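Got a minute to go through this model together? Here it is, and then we'll ask what each label rests on.

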Amino acid sequence: MENIDYDALKKRGFLRQKQEGFFVLRTRMSEGVYKKEHLEKISEIAQKFGRGFAHITVRQGIEVPFIKFEDIPQVEAELKLAGIEAGTSGPRLRATTCCPGNNWCKQGLIDTFSLAERIEKELGIKCGLDLPHKFKIAVSGCPNACTRPQWSEIGIHGQIDTDSPDRRIGYAVYLGGCGGRDPKSGFKLDKIFTDEEVLALLKRVVDYYKDKARPRQRLGLLIEEGGKDKFLRGIGLAPG
Ligand code: SF4
């Protein structure tokens with residue numbers, strides 16, 4: 001097991017286990033939606049290459065542990081054929097988590113799936129994107145905030161803009177939150193954004209972070225270091 005590029009494997013969704021010689025396969029699907037054929041294939045992989053079980057992650061992925069190093073190419077080929085995407089780890093964007101929103105939740109105000117899809121397809125901000133450190137995006141359909149947007153680098157939830165004459169539904173945004181050993185709640189921006197505005201903002205935040213953060217510096221620490229005003233100017237939300 002020498003000369004193995006473990007970081008490259010992580011990026012491809014195979015994380016080294018504590019048990020020598022074994023890897024956990026981390027899968028993800030956009031919006032956290034796995035179709036019947038995806039579930040069947042993951043079940044098959046768990047039986048053929050793992051130990052017959054899978055584990056659901058907090059970021060809505062499915063992991064299959066106990067994959068042997070020598071089986072990784074075959075597992076990857078089978079995933080690709082079935083249209084199943086690999087999750088990731090390391091200094092990269094994680095899978096965007098989203099609750100069902102107004103697709104079926106009675107409280108849902110926004111279409112969380114559609115927003116997550118636009119983030120990936122239109123902005124190219126997709127799980128596995130290389131960044132200075134881990135970076136998370138969470139989308140919730142309403143202020144109940146079931147995906148905990150306050151605790152991600154970028155957190156979004158649907159909200160009624162009570163200041164607008166027609167009580168329009170828009171997007172509330174939190175920035176700079178994180179979990180881990182030094183958890184921080186993100187701060188909430190003082191505005192309810194439209195869908196086009198929220199997409200443009202998200203891109204500016206990711207670009208700013210990519211450009212300004214040091215390796216292994218999370219967004220919350222970058223904001224603390226330079227001050228919130230500087231950060232808001234940097235992402236175009238305050239006069240420069
Ligand atoms: S955040 Fe709101 S829309 Fe999403 S699952 Fe929770 S209650 Fe439903």
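Q: What makes T96, C98, T112, L115, A116, T147 and I156 count as residues that V139 touches?
A: Two residues are in contact if their C-beta atoms, placed from the backbone, lie within 7 Å, so those residues qualify as touching V139, with residues up to four places away in sequence not counted. By the way, this is a predicted model: local features need pLDDT of at least 70, side-chain atom pairs count only at pLDDT 80 or more, and totals for chains, interfaces and linings use all residues. Numbering runs from 1 along each chain as its sequence is written.

Q: What makes the largest nonpolar core a core, and which residues touch the most other members?
A: A nonpolar core is a set of buried (20 or more other C-beta atoms within 10 Å of a residue's own) Ala, Val, Leu, Ile, Met, Phe, Trp, Tyr and Cys residues joined through C-beta atoms within 7 Å. This one has 37 residues, and V139, Y171, V173, L202, V205 and Y209 touch the most other members. Helix 5 (a DSSP run of H or I, at least four residues) gives the most, with six residues.

Q: Which residues does the second, separate core include?
A: F14, L15, F23 and L79 are among its 16 residues.

Q: How do you know where domain 1 and domain 2 lie?
A: The bounds, 6-86 and 97-234, come from an automatic or database domain assignment. Their centres, taken over C-alpha atoms, are 27 Å apart, and seven residues of domain 1 contact eight of domain 2.

Conventions. A residue is buried if 20 or more other C-beta atoms lie within 10 Å of its own, exposed if 12 or fewer, and partly exposed in between; C-beta atoms are placed from the backbone. Helices (H or I, at least four residues) and strands (E, at least two) are DSSP runs, numbered from the N terminus.
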